[in-house]
Number of protein chains: 2
Amino acid sequence: MKPQETERAAGSLHQRIVADLESRILSGQWPPGHRIPFEVELSAAYGCSRMTVNKALGRLVDAGLIERRRKAGSFVARPRSQAAVLDIHDIRAEVTARGAAYRFEIVARARRAATPADRLRIDVPAGAPLIALRTLHYADDRPFCSEDRLISLAAVPEAGAEPFDALPPGAWLVARVPWTQAEHSIAARAATKEQAARLDIAPGAPCLVVERRTWRAGEPVTGVELAYPGALHRLVARFAPTG
Amino acid sequence: MKPQETERAAGSLHQRIVADLESRILSGQWPPGHRIPFEVELSAAYGCSRMTVNKALGRLVDAGLIERRRKAGSFVARPRSQAAVLDIHDIRAEVTARGAAYRFEIVARARRAATPADRLRIDVPAGAPLIALRTLHYADDRPFCSEDRLISLAAVPEAGAEPFDALPPGAWLVARVPWTQAEHSIAARAATKEQAARLDIAPGAPCLVVERRTWRAGEPVTGVELAYPGALHRLVARFAPTG
DNA sequence: CGCCCGCATATGTATAGTCATGAATCGGCA
DNA sequence: TGCCGATTCATGACTATACATATGCGGGCG
(Lines give C-alpha, C1' and ligand atoms only; values in the text may rest on other atoms or scores of the structure.)
Protein backbone atom coordinates (compact mmCIF):
# COMPACT_ATOMS: atom_id res chain seq x y z
CA MET A 1 0.00 0.00 0.00
CA LYS A 2 1.61 3.22 -1.09
CA PRO A 3 1.23 6.17 1.27
CA GLN A 4 0.26 8.40 -1.62
CA GLU A 5 -2.97 6.57 -2.23
CA THR A 6 -4.58 7.71 0.99
CA GLU A 7 -2.89 10.95 1.92
CA ARG A 8 -5.68 13.36 1.15
CA ALA A 9 -7.51 15.32 3.82
CA ALA A 10 -5.34 15.61 6.92
CA GLY A 11 -1.71 15.07 6.15
CA SER A 12 -0.25 11.74 7.13
CA LEU A 13 -2.12 8.53 7.40
CA HIS A 14 -1.80 8.09 11.13
CA GLN A 15 -2.95 11.68 11.63
CA ARG A 16 -6.00 10.91 9.55
CA ILE A 17 -6.68 7.86 11.67
CA VAL A 18 -6.23 9.86 14.86
CA ALA A 19 -8.62 12.54 13.61
CA ASP A 20 -11.15 9.97 12.52
CA LEU A 21 -11.20 8.02 15.76
CA GLU A 22 -11.15 11.25 17.75
CA SER A 23 -14.23 12.51 15.99
CA ARG A 24 -16.08 9.27 16.64
CA ILE A 25 -15.25 9.50 20.31
CA LEU A 26 -15.94 13.19 20.75
CA SER A 27 -19.16 12.97 18.76
CA GLY A 28 -20.45 10.37 21.15
CA GLN A 29 -20.75 7.75 18.44
CA TRP A 30 -18.37 5.71 20.55
CA PRO A 31 -19.41 6.39 24.14
CA PRO A 32 -17.08 6.02 27.13
CA GLY A 33 -16.39 2.36 27.81
CA HIS A 34 -16.97 1.36 24.21
CA ARG A 35 -14.46 -1.13 22.91
CA ILE A 36 -12.92 0.16 19.73
CA PRO A 37 -11.87 -2.26 16.98
CA PHE A 38 -8.68 -4.24 17.43
CA GLU A 39 -5.52 -3.02 15.82
CA VAL A 40 -5.68 -5.67 13.12
CA GLU A 41 -9.27 -4.75 12.30
CA LEU A 42 -8.41 -1.07 12.07
CA SER A 43 -5.36 -1.75 9.96
CA ALA A 44 -7.55 -3.73 7.59
CA ALA A 45 -10.20 -0.99 7.58
CA TYR A 46 -7.69 1.74 6.79
CA GLY A 47 -5.63 -0.44 4.52
CA CYS A 48 -2.40 0.12 6.38
CA SER A 49 -0.04 -1.78 8.61
CA ARG A 50 -0.61 -2.47 12.26
CA MET A 51 2.27 -0.18 13.25
CA THR A 52 0.51 2.78 11.75
CA VAL A 53 -2.67 2.05 13.65
CA ASN A 54 -0.57 1.44 16.74
CA LYS A 55 1.02 4.86 16.42
CA ALA A 56 -2.37 6.49 16.08
CA LEU A 57 -3.74 4.66 19.10
CA GLY A 58 -0.65 5.59 21.05
CA ARG A 59 -1.42 9.25 20.44
CA LEU A 60 -4.98 8.79 21.60
CA VAL A 61 -3.67 7.22 24.79
CA ASP A 62 -1.40 10.22 25.30
CA ALA A 63 -4.36 12.49 24.73
CA GLY A 64 -6.27 10.55 27.36
CA LEU A 65 -9.08 9.67 24.98
CA ILE A 66 -8.66 5.91 25.16
CA GLU A 67 -7.29 3.30 27.52
CA ARG A 68 -5.74 0.09 26.40
CA ARG A 69 -5.53 -3.25 28.11
CA ARG A 70 -3.63 -6.19 26.77
CA LYS A 71 -5.68 -8.96 25.41
CA ALA A 72 -8.87 -7.09 26.28
CA GLY A 73 -8.59 -4.35 23.69
CA SER A 74 -8.82 -0.58 23.58
CA PHE A 75 -11.65 1.31 25.23
CA VAL A 76 -12.92 4.85 25.10
CA ALA A 77 -11.85 6.45 28.37
CA ARG A 78 -14.45 7.91 30.66
CA PRO A 79 -13.67 11.56 31.23
CA ARG A 80 -12.57 12.09 34.79
CA SER A 81 -11.64 15.60 35.56
CA GLN A 82 -11.82 18.20 32.91
CA ALA A 83 -8.65 20.14 32.41
CA ALA A 84 -7.97 23.54 31.02
CA VAL A 85 -4.68 24.90 29.85
CA LEU A 86 -3.94 28.29 31.21
CA ASP A 87 -1.43 30.34 29.32
CA ILE A 88 0.69 32.32 31.71
CA HIS A 89 1.93 35.16 29.62
CA ASP A 90 4.68 37.55 30.25
CA ILE A 91 3.21 40.67 31.83
CA ARG A 92 4.78 42.90 29.21
CA ALA A 93 3.12 40.78 26.50
CA GLU A 94 -0.22 41.06 28.29
CA VAL A 95 0.02 44.80 28.51
CA THR A 96 1.20 45.42 24.98
CA ALA A 97 -1.39 42.95 23.67
CA ARG A 98 -4.06 45.32 24.88
CA GLY A 99 -2.40 48.17 23.08
CA ALA A 100 -0.98 49.89 26.12
CA ALA A 101 2.54 51.05 26.81
CA TYR A 102 4.40 48.88 29.27
CA ARG A 103 6.60 50.09 32.05
CA PHE A 104 7.73 48.62 35.33
CA GLU A 105 9.31 49.88 38.46
CA ILE A 106 11.10 48.12 41.29
CA VAL A 107 9.64 49.79 44.34
CA ALA A 108 11.40 47.76 46.99
CA ARG A 109 14.33 45.45 47.11
CA ALA A 110 15.92 43.63 49.99
CA ARG A 111 18.33 40.85 50.65
CA ARG A 112 17.59 38.82 53.70
CA ALA A 113 17.59 35.41 55.30
CA ALA A 114 14.31 33.55 54.87
CA THR A 115 11.83 34.36 57.62
CA PRO A 116 9.02 32.01 58.61
CA ALA A 117 6.63 34.26 56.63
CA ASP A 118 8.81 33.95 53.56
CA ARG A 119 8.82 30.21 53.86
CA LEU A 120 5.10 30.13 53.25
CA ARG A 121 5.79 31.49 49.78
CA ILE A 122 8.97 29.68 48.85
CA ASP A 123 9.96 26.40 50.42
CA VAL A 124 13.59 27.12 51.17
CA PRO A 125 15.16 26.13 54.51
CA ALA A 126 14.91 28.66 57.33
CA GLY A 127 17.54 31.33 57.03
CA ALA A 128 18.33 30.64 53.39
CA PRO A 129 19.48 33.77 51.54
CA LEU A 130 16.75 35.44 49.52
CA ILE A 131 16.18 38.47 47.37
CA ALA A 132 12.81 40.08 47.99
CA LEU A 133 11.48 42.33 45.25
CA ARG A 134 8.34 44.38 44.98
CA THR A 135 7.60 45.42 41.43
CA LEU A 136 4.84 47.53 39.99
CA HIS A 137 3.80 46.94 36.41
CA TYR A 138 2.13 49.75 34.55
CA ALA A 139 -0.06 49.86 31.46
CA ASP A 140 -0.08 53.37 30.03
CA ASP A 141 1.06 54.75 33.38
CA ARG A 142 -1.84 53.13 35.20
CA PRO A 143 -0.91 50.43 37.70
CA PHE A 144 -1.66 47.07 36.15
CA CYS A 145 -0.23 44.55 38.54
CA SER A 146 1.60 44.46 41.82
CA GLU A 147 4.26 41.81 42.12
CA ASP A 148 5.84 40.49 45.30
CA ARG A 149 8.65 38.10 44.58
CA LEU A 150 11.17 36.08 46.52
CA ILE A 151 14.14 34.58 44.73
CA SER A 152 16.35 31.94 46.27
CA LEU A 153 19.96 33.03 45.98
CA ALA A 154 21.04 29.44 46.39
CA ALA A 155 19.30 28.62 43.12
CA VAL A 156 20.07 31.86 41.29
CA PRO A 157 23.17 33.47 42.78
CA GLU A 158 23.46 36.01 39.96
CA ALA A 159 20.15 37.55 41.04
CA GLY A 160 22.01 39.20 43.89
CA ALA A 161 23.92 41.49 41.56
CA GLU A 162 21.20 41.96 38.95
CA PRO A 163 19.81 45.50 38.85
CA PHE A 164 16.61 44.46 37.02
CA ASP A 165 16.66 47.66 35.05
CA ALA A 166 16.19 46.19 31.59
CA LEU A 167 13.94 43.21 32.28
CA PRO A 168 11.41 42.79 35.08
CA PRO A 169 12.29 39.97 37.49
CA GLY A 170 9.83 37.49 35.99
CA ALA A 171 11.11 37.79 32.44
CA TRP A 172 14.68 37.86 33.65
CA LEU A 173 14.20 34.61 35.52
CA VAL A 174 12.38 32.88 32.68
CA ALA A 175 15.18 33.76 30.30
CA ARG A 176 17.80 32.51 32.71
CA VAL A 177 16.43 29.64 34.74
CA PRO A 178 14.69 26.72 33.08
CA TRP A 179 12.20 25.30 35.49
CA THR A 180 10.78 21.90 35.83
CA GLN A 181 7.92 22.43 38.22
CA ALA A 182 5.57 25.18 39.10
CA GLU A 183 2.50 25.42 41.22
CA HIS A 184 -0.13 28.05 40.67
CA SER A 185 -2.89 29.14 42.91
CA ILE A 186 -5.53 31.59 41.80
CA ALA A 187 -7.82 33.35 44.21
CA ALA A 188 -9.95 36.44 44.57
CA ARG A 189 -9.00 38.63 47.47
CA ALA A 190 -9.84 42.06 48.74
CA ALA A 191 -7.01 44.52 48.24
CA THR A 192 -5.14 45.39 51.41
CA LYS A 193 -4.65 49.06 52.16
CA GLU A 194 -1.09 48.94 50.84
CA GLN A 195 -2.01 47.05 47.71
CA ALA A 196 -4.88 49.43 47.08
CA ALA A 197 -2.56 52.41 47.37
CA ARG A 198 -0.04 50.86 45.03
CA LEU A 199 -2.64 49.80 42.49
CA ASP A 200 -4.62 53.01 42.79
CA ILE A 201 -7.89 51.28 43.62
CA ALA A 202 -10.23 51.38 46.58
CA PRO A 203 -9.20 49.36 49.64
CA GLY A 204 -11.23 46.18 49.71
CA ALA A 205 -11.74 46.16 45.95
CA PRO A 206 -11.50 42.64 44.50
CA CYS A 207 -8.13 41.57 43.20
CA LEU A 208 -7.20 38.52 41.22
CA VAL A 209 -4.25 37.07 43.03
CA VAL A 210 -1.99 34.57 41.31
CA GLU A 211 0.59 32.84 43.44
CA ARG A 212 3.29 30.88 41.74
CA ARG A 213 6.01 28.76 43.23
CA THR A 214 8.72 27.45 40.99
CA TRP A 215 11.27 24.70 41.30
CA ARG A 216 14.13 23.63 39.19
CA ALA A 217 14.96 19.98 39.53
CA GLY A 218 13.45 19.91 43.01
CA GLU A 219 15.22 23.04 44.20
CA PRO A 220 13.02 26.05 44.95
CA VAL A 221 13.76 28.96 42.65
CA THR A 222 11.20 31.64 43.22
CA GLY A 223 7.84 32.38 44.76
CA VAL A 224 5.73 35.22 43.52
CA GLU A 225 2.39 36.80 44.22
CA LEU A 226 0.79 38.83 41.46
CA ALA A 227 -2.17 41.00 42.35
CA TYR A 228 -4.29 42.37 39.51
CA PRO A 229 -7.14 44.77 40.02
CA GLY A 230 -10.20 42.63 39.39
CA ALA A 231 -11.72 45.08 37.01
CA LEU A 232 -8.66 45.09 34.79
CA HIS A 233 -7.72 41.55 34.32
CA ARG A 234 -8.91 38.12 33.55
CA LEU A 235 -7.17 34.87 32.89
CA VAL A 236 -8.21 32.96 29.83
CA ALA A 237 -7.79 29.26 29.40
CA ARG A 238 -8.53 26.89 26.62
CA PHE A 239 -9.72 23.36 26.87
CA ALA A 240 -7.23 20.56 27.03
CA PRO A 241 -8.45 17.28 25.61
CA THR A 242 -7.09 15.34 28.58
CA GLY A 243 -9.78 13.08 29.96
CA MET B 1 20.15 -5.19 20.32
CA LYS B 2 17.72 -6.91 22.59
CA PRO B 3 15.26 -4.71 24.46
CA GLN B 4 15.98 -6.54 27.71
CA GLU B 5 19.53 -5.34 27.93
CA THR B 6 18.63 -1.74 28.60
CA GLU B 7 15.15 -1.80 30.08
CA ARG B 8 15.92 -1.02 33.67
CA ALA B 9 14.99 2.27 35.32
CA ALA B 10 12.04 3.75 33.44
CA GLY B 11 10.09 1.13 31.59
CA SER B 12 10.51 1.00 27.87
CA LEU B 13 13.51 2.14 25.96
CA HIS B 14 11.90 5.07 24.21
CA GLN B 15 10.50 6.26 27.54
CA ARG B 16 13.97 6.18 28.97
CA ILE B 17 15.22 8.20 26.04
CA VAL B 18 12.41 10.71 26.46
CA ALA B 19 13.15 11.08 30.16
CA ASP B 20 16.85 11.41 29.54
CA LEU B 21 16.57 14.10 26.87
CA GLU B 22 13.89 15.86 28.87
CA SER B 23 16.12 16.11 31.90
CA ARG B 24 18.95 17.52 29.85
CA ILE B 25 16.66 20.18 28.45
CA LEU B 26 14.92 21.06 31.70
CA SER B 27 18.18 21.14 33.62
CA GLY B 28 19.52 23.74 31.25
CA GLN B 29 22.33 21.51 30.10
CA TRP B 30 20.88 21.92 26.63
CA PRO B 31 19.70 25.53 26.48
CA PRO B 32 16.97 26.75 24.13
CA GLY B 33 18.21 26.80 20.56
CA HIS B 34 20.73 24.06 21.16
CA ARG B 35 20.89 21.49 18.40
CA ILE B 36 20.45 18.05 19.83
CA PRO B 37 22.23 15.07 18.27
CA PHE B 38 20.87 13.64 15.06
CA GLU B 39 18.65 10.60 15.14
CA VAL B 40 21.42 8.33 13.92
CA GLU B 41 23.80 9.63 16.58
CA LEU B 42 21.25 9.11 19.31
CA SER B 43 20.39 5.65 18.05
CA ALA B 44 24.08 4.79 18.18
CA ALA B 45 24.41 6.31 21.66
CA TYR B 46 21.45 4.40 23.03
CA GLY B 47 22.19 1.31 21.01
CA CYS B 48 18.79 1.13 19.39
CA SER B 49 17.25 1.66 15.99
CA ARG B 50 16.46 5.05 14.52
CA MET B 51 12.72 4.34 14.75
CA THR B 52 12.92 4.13 18.51
CA VAL B 53 14.73 7.43 18.76
CA ASN B 54 12.25 8.88 16.28
CA LYS B 55 9.37 7.85 18.51
CA ALA B 56 10.99 9.45 21.53
CA LEU B 57 11.71 12.68 19.65
CA GLY B 58 8.15 12.71 18.37
CA ARG B 59 6.93 12.73 21.94
CA LEU B 60 9.22 15.63 22.80
CA VAL B 61 7.79 17.55 19.85
CA ASP B 62 4.28 16.86 21.15
CA ALA B 63 5.36 18.08 24.55
CA GLY B 64 6.68 21.26 22.94
CA LEU B 65 10.19 20.74 24.26
CA ILE B 66 11.88 20.49 20.90
CA GLU B 67 11.35 21.64 17.34
CA ARG B 68 12.50 19.71 14.33
CA ARG B 69 13.45 20.89 10.86
CA ARG B 70 14.30 18.65 8.01
CA LYS B 71 17.90 18.52 7.07
CA ALA B 72 18.75 21.04 9.78
CA GLY B 73 18.18 18.84 12.81
CA SER B 74 16.30 19.00 16.10
CA PHE B 75 16.54 22.00 18.39
CA VAL B 76 15.54 22.73 21.95
CA ALA B 77 12.49 24.96 21.72
CA ARG B 78 12.61 28.35 23.33
CA PRO B 79 9.80 28.65 25.84
CA ARG B 80 7.24 31.14 24.65
CA SER B 81 4.39 31.38 27.04
CA GLN B 82 4.39 29.33 30.13
CA ALA B 83 1.42 27.10 30.46
CA ALA B 84 -0.30 25.72 33.48
CA VAL B 85 -2.80 22.94 33.51
CA LEU B 86 -5.83 23.73 35.53
CA ASP B 87 -7.91 20.83 36.69
CA ILE B 88 -11.53 21.73 36.52
CA HIS B 89 -13.05 19.46 39.05
CA ASP B 90 -16.58 18.55 39.57
CA ILE B 91 -18.00 20.79 42.25
CA ARG B 92 -19.18 17.81 44.26
CA ALA B 93 -15.64 16.46 44.21
CA GLU B 94 -14.26 19.78 45.33
CA VAL B 95 -16.64 19.95 48.24
CA THR B 96 -16.23 16.39 49.39
CA ALA B 97 -12.46 16.68 48.97
CA ARG B 98 -12.46 19.24 51.74
CA GLY B 99 -14.43 16.91 53.93
CA ALA B 100 -17.74 18.70 53.70
CA ALA B 101 -21.16 17.34 52.81
CA TYR B 102 -22.30 18.29 49.34
CA ARG B 103 -25.77 19.43 48.43
CA PHE B 104 -27.18 21.47 45.59
CA GLU B 105 -30.40 23.24 44.89
CA ILE B 106 -31.90 24.51 41.66
CA VAL B 107 -33.19 27.92 42.68
CA ALA B 108 -34.45 29.09 39.31
CA ARG B 109 -35.25 27.47 36.04
CA ALA B 110 -36.60 28.93 32.84
CA ARG B 111 -37.01 28.00 29.23
CA ARG B 112 -36.70 30.90 26.86
CA ALA B 113 -35.50 32.09 23.49
CA ALA B 114 -31.98 33.51 23.58
CA THR B 115 -31.91 37.20 24.46
CA PRO B 116 -29.05 39.50 23.46
CA ALA B 117 -27.79 39.26 27.05
CA ASP B 118 -27.80 35.48 26.85
CA ARG B 119 -25.82 35.59 23.65
CA LEU B 120 -22.90 37.15 25.47
CA ARG B 121 -22.62 33.95 27.45
CA ILE B 122 -23.40 31.31 24.83
CA ASP B 123 -22.95 31.98 21.15
CA VAL B 124 -26.23 30.59 19.84
CA PRO B 125 -28.24 32.45 17.19
CA ALA B 126 -30.73 35.03 18.42
CA GLY B 127 -33.95 33.40 19.56
CA ALA B 128 -32.48 29.92 19.87
CA PRO B 129 -34.24 27.86 22.56
CA LEU B 130 -32.38 27.77 25.86
CA ILE B 131 -32.73 26.42 29.34
CA ALA B 132 -31.56 28.85 31.99
CA LEU B 133 -30.67 27.40 35.37
CA ARG B 134 -29.52 28.99 38.57
CA THR B 135 -28.00 26.48 40.95
CA LEU B 136 -26.62 26.89 44.42
CA HIS B 137 -23.97 24.47 45.62
CA TYR B 138 -23.56 23.96 49.34
CA ALA B 139 -20.74 22.63 51.46
CA ASP B 140 -22.05 21.56 54.85
CA ASP B 141 -25.12 23.77 54.35
CA ARG B 142 -22.99 26.81 53.72
CA PRO B 143 -23.22 28.28 50.21
CA PHE B 144 -20.12 27.30 48.29
CA CYS B 145 -20.77 28.41 44.75
CA SER B 146 -23.46 30.10 42.76
CA GLU B 147 -23.95 28.78 39.25
CA ASP B 148 -25.73 30.50 36.39
CA ARG B 149 -26.04 28.26 33.38
CA LEU B 150 -27.50 28.40 29.92
CA ILE B 151 -27.94 25.22 27.94
CA SER B 152 -28.68 25.16 24.23
CA LEU B 153 -31.69 22.96 23.60
CA ALA B 154 -30.62 22.57 20.00
CA ALA B 155 -27.48 20.81 21.22
CA VAL B 156 -29.03 18.98 24.18
CA PRO B 157 -32.77 18.54 23.59
CA GLU B 158 -33.14 16.13 26.51
CA ALA B 159 -32.17 18.91 28.91
CA GLY B 160 -35.70 20.28 28.46
CA ALA B 161 -37.26 17.38 30.30
CA GLU B 162 -34.46 16.75 32.79
CA PRO B 163 -35.43 17.57 36.38
CA PHE B 164 -31.79 17.78 37.59
CA ASP B 165 -32.78 16.24 40.88
CA ALA B 166 -30.10 13.57 41.04
CA LEU B 167 -27.16 15.27 39.38
CA PRO B 168 -26.38 18.98 39.22
CA PRO B 169 -26.49 20.41 35.69
CA GLY B 170 -22.71 20.46 35.24
CA ALA B 171 -22.20 16.81 36.10
CA TRP B 172 -25.29 15.83 34.13
CA LEU B 173 -23.93 17.53 31.04
CA VAL B 174 -20.45 16.11 31.38
CA ALA B 175 -21.86 12.61 31.64
CA ARG B 176 -24.07 13.15 28.63
CA VAL B 177 -22.37 15.48 26.19
CA PRO B 178 -18.79 14.95 25.14
CA TRP B 179 -17.30 18.28 24.27
CA THR B 180 -14.54 19.25 21.99
CA GLN B 181 -13.89 22.85 22.90
CA ALA B 182 -14.16 24.99 25.94
CA GLU B 183 -13.10 28.47 26.83
CA HIS B 184 -12.52 29.57 30.38
CA SER B 185 -12.20 32.99 31.77
CA ILE B 186 -11.24 33.64 35.37
CA ALA B 187 -11.71 36.98 37.04
CA ALA B 188 -12.14 38.57 40.44
CA ARG B 189 -15.32 40.53 40.84
CA ALA B 190 -17.22 42.15 43.62
CA ALA B 191 -20.34 40.22 44.54
CA THR B 192 -23.55 41.83 43.37
CA LYS B 193 -26.28 42.31 45.92
CA GLU B 194 -28.12 39.24 44.63
CA GLN B 195 -25.01 37.09 44.55
CA ALA B 196 -24.07 38.25 48.03
CA ALA B 197 -27.48 37.29 49.34
CA ARG B 198 -27.34 33.90 47.71
CA LEU B 199 -23.80 33.20 48.87
CA ASP B 200 -24.36 34.66 52.31
CA ILE B 201 -21.49 37.10 52.08
CA ALA B 202 -21.22 40.86 52.24
CA PRO B 203 -22.16 42.77 49.08
CA GLY B 204 -19.01 43.86 47.34
CA ALA B 205 -16.95 41.03 48.80
CA PRO B 206 -14.52 39.59 46.28
CA CYS B 207 -15.67 36.59 44.29
CA LEU B 208 -13.71 34.32 42.05
CA VAL B 209 -15.77 34.13 38.89
CA VAL B 210 -15.16 31.35 36.39
CA GLU B 211 -16.93 31.64 33.07
CA ARG B 212 -16.94 28.65 30.81
CA ARG B 213 -18.31 28.30 27.33
CA THR B 214 -18.48 24.89 25.77
CA TRP B 215 -18.86 23.65 22.22
CA ARG B 216 -19.34 20.23 20.78
CA ALA B 217 -18.01 19.92 17.27
CA GLY B 218 -18.44 23.65 16.72
CA GLU B 219 -21.95 23.78 18.11
CA PRO B 220 -22.44 25.73 21.33
CA VAL B 221 -23.57 23.51 24.17
CA THR B 222 -23.56 25.49 27.36
CA GLY B 223 -22.33 28.66 28.97
CA VAL B 224 -21.89 28.90 32.69
CA GLU B 225 -20.76 31.39 35.26
CA LEU B 226 -19.57 30.06 38.59
CA ALA B 227 -19.12 32.53 41.42
CA TYR B 228 -17.14 31.40 44.47
CA PRO B 229 -16.74 33.50 47.58
CA GLY B 230 -13.13 34.65 47.39
CA ALA B 231 -12.37 33.61 50.92
CA LEU B 232 -13.52 30.06 50.31
CA HIS B 233 -11.97 29.03 47.11
CA ARG B 234 -8.83 28.95 45.09
CA LEU B 235 -7.94 27.30 41.83
CA VAL B 236 -4.78 25.30 41.77
CA ALA B 237 -2.81 24.55 38.66
CA ARG B 238 0.29 22.58 38.01
CA PHE B 239 2.97 23.34 35.52
CA ALA B 240 2.79 21.91 32.05
CA PRO B 241 6.11 21.43 30.31
CA THR B 242 4.74 22.98 27.11
CA GLY B 243 7.04 25.71 25.90
C1' DC C 1 29.97 38.19 -8.70
C1' DG C 2 25.72 36.30 -8.11
C1' DC C 3 22.22 33.11 -9.00
C1' DC C 4 20.37 28.65 -9.67
C1' DC C 5 20.55 23.69 -9.83
C1' DG C 6 21.44 19.53 -7.87
C1' DC C 7 23.29 16.62 -4.41
C1' DA C 8 23.90 15.13 0.21
C1' DT C 9 21.57 14.65 4.26
C1' DA C 10 18.24 14.55 8.13
C1' DT C 11 13.81 14.08 9.07
C1' DG C 12 8.98 12.02 8.11
C1' DT C 13 6.21 8.26 7.18
C1' DA C 14 5.10 3.66 6.42
C1' DT C 15 5.91 -1.58 6.10
C1' DA C 16 6.70 -6.27 7.60
C1' DG C 17 8.23 -9.11 10.86
C1' DT C 18 9.90 -10.64 15.67
C1' DC C 19 9.72 -11.28 20.40
C1' DA C 20 7.72 -10.12 24.94
C1' DT C 21 3.94 -9.45 28.16
C1' DG C 22 -0.14 -9.91 30.35
C1' DA C 23 -4.79 -11.16 30.56
C1' DA C 24 -8.88 -13.92 29.33
C1' DT C 25 -10.35 -18.35 28.47
C1' DC C 26 -10.65 -23.12 28.13
C1' DG C 27 -9.59 -27.64 29.53
C1' DG C 28 -8.22 -30.94 32.72
C1' DC C 29 -7.87 -32.61 37.18
C1' DA C 30 -9.26 -33.08 41.91
C1' DT D 1 -18.41 -28.34 40.96
C1' DG D 2 -14.48 -25.70 41.59
C1' DC D 3 -9.83 -24.46 40.96
C1' DC D 4 -5.47 -24.23 38.60
C1' DG D 5 -2.50 -24.28 34.79
C1' DA D 6 -1.72 -24.08 29.77
C1' DT D 7 -3.04 -21.91 25.73
C1' DT D 8 -4.30 -18.21 23.01
C1' DC D 9 -4.51 -13.75 21.61
C1' DA D 10 -4.20 -8.61 21.56
C1' DT D 11 -1.30 -5.22 22.75
C1' DG D 12 3.57 -3.40 23.47
C1' DA D 13 8.13 -2.79 22.04
C1' DC D 14 11.63 -2.84 18.76
C1' DT D 15 14.26 -3.69 14.33
C1' DA D 16 15.55 -3.35 9.61
C1' DT D 17 14.22 -1.39 5.58
C1' DA D 18 12.38 1.65 2.19
C1' DC D 19 11.04 5.69 0.10
C1' DA D 20 9.34 10.58 0.37
C1' DT D 21 10.43 15.37 1.27
C1' DA D 22 12.64 19.51 2.47
C1' DT D 23 16.53 22.04 2.80
C1' DG D 24 21.30 23.61 3.48
C1' DC D 25 25.27 23.98 0.86
C1' DG D 26 28.46 23.95 -2.67
C1' DG D 27 29.67 23.84 -7.46
C1' DG D 28 28.88 25.35 -11.96
C1' DC D 29 27.18 28.49 -15.20
C1' DG D 30 25.69 32.95 -16.90
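Two strands pair if DSSP finds at least two bridges between them. With that in hand, welcome to this predicted model, where strand β2 (residues 66-69) and strand β3 (residues 73-76) of chain B pair in the antiparallel sense over four bridges. Chain A and chain B contribute 44 residues each to their mutual contact, and DNA strands C and D are surrounded by 22 residues and 20 residues, respectively. The points below take the sheets, then the protein interface, then the two DNA strands.

**The sheet in chain B**

- Three strands of chain B form an open sheet in the order β1-β3-β2, with antiparallel pairing.
- In that sheet, β1 (35-36) and β2 of chain B stand at the edges with a single partner strand each, so one side of each has no neighbour in the sheet.
- Within the pairing of β2(B) and β3(B), Arg68(B) stands opposite Ser74(B), while Ile66(B) has Val76(B) as its bridge partner.
- The hairpin of β2(B) and β3(B) has three residues between the strands, and Lys71(B) takes a positive phi near 70° there.

**The sheet in chain A**

- Chain A also has an open sheet of three strands, ordered β1-β3-β2 and antiparallel in its pairing.
- Its edges are β1 (35-36) and β2 (66-69) of chain A; each has a single partner strand, so one side of each is left without a neighbour in the sheet.
- Four bridges join β2(A) to strand β3 (residues 73-76) of chain A in the antiparallel sense.
- Glu67(A) has Phe75(A), in β3(A), as its bridge partner.

**Where chain A meets chain B**

- About 3800 Å² is buried between chain A and chain B, and carbon and sulfur atoms give 54% of that area.
- Four salt bridges are found across the interface of chain A and chain B.
- One salt bridge joins the side chains of Arg234(B) and Glu211(A), at 3.7 Å from N to O.
- Six residue pairs are in polar contact across the interface of chain A and chain B, with both residues of each pair at pLDDT 80 or more.
- On the side of chain A that touches chain B, two or more residues come from each of α1 (13-26), α3 (50-62), β4 (82-88), β8 (181-190), β9 (206-216) and β11 (234-240) of chain A.
- The largest share of that side of chain A, 10 residues, belongs to β8(A).
- By residue class, the side of chain A that touches chain B divides into 22 nonpolar, 12 polar and 10 charged.

**Around DNA strand C**

- Of the 22 residues that surround DNA strand C, the closest are Leu13(A), Ser49(A), Thr52(A), Arg68(B) and Arg70(B).
- Sugar and phosphate make up 70% of the atoms of DNA strand C that come within 4 Å of the protein.
- From chain A, a polar backbone atom of Leu13(A) is 2.3 Å from a phosphate oxygen of DNA strand C, and a polar side-chain atom of Thr52(A) lies 2.4 Å from a phosphate oxygen of this strand.
- From chain B, an N or O atom in the side chain of Arg68(B) is 2.6 Å from a phosphate oxygen of DNA strand C.
- At least two residues of the surface near DNA strand C are supplied by each of α1 and α3 of chain A and α3 and β2 of chain B.
- The residues of that surface divide into six nonpolar, seven polar and nine charged.

**Around DNA strand D**

- Among the 20 residues that surround DNA strand D, the closest are Arg68(A), Arg70(A), Leu13(B), Ser49(B) and Thr52(B).
- Of the atoms of DNA strand D that come within 4 Å of the protein, 69% belong to sugar and phosphate.
- Chain B reaches phosphate oxygens of DNA strand D through side-chain N or O atoms of His14(B), at 3.0 Å, and of Thr52(B), at 2.5 Å.
- Two or more residues of the surface near DNA strand D come from each of α3 of chain A, α1 (13-26) of chain B and α3 (50-62) of chain B.
- The largest share of this surface, three residues, comes from α3(B).
- Lys71(A) has a side-chain N or O atom 3.3 Å from a sugar or linking oxygen of DNA strand D.
- The surface near DNA strand D has six nonpolar, six polar and eight charged residues.

Terms used:
Residues are numbered from 1 along each chain as its sequence is written. Chains are lettered from A and ligands numbered from 1 in the order in which they are written. Side-chain values use heavy atoms; hydrogens and water are left out. Contact means heavy atoms within 4.5 Å. Buried area is the accessible area (1.4 Å probe) that two parts lose on being put together, summed over both. A polar contact is a pair of N or O atoms within 3.5 Å; within protein, one must be able to donate a hydrogen and the other to accept it, and residues adjacent in sequence count only if both atoms are side-chain atoms. Ala, Val, Leu, Ile, Met, Phe, Trp, Tyr, Cys and Pro count as nonpolar, Asp, Glu, Lys and Arg as charged, and the others, Gly among them, as polar. A residue is near a molecule or strand if one of its heavy atoms lies within 4 Å of it.
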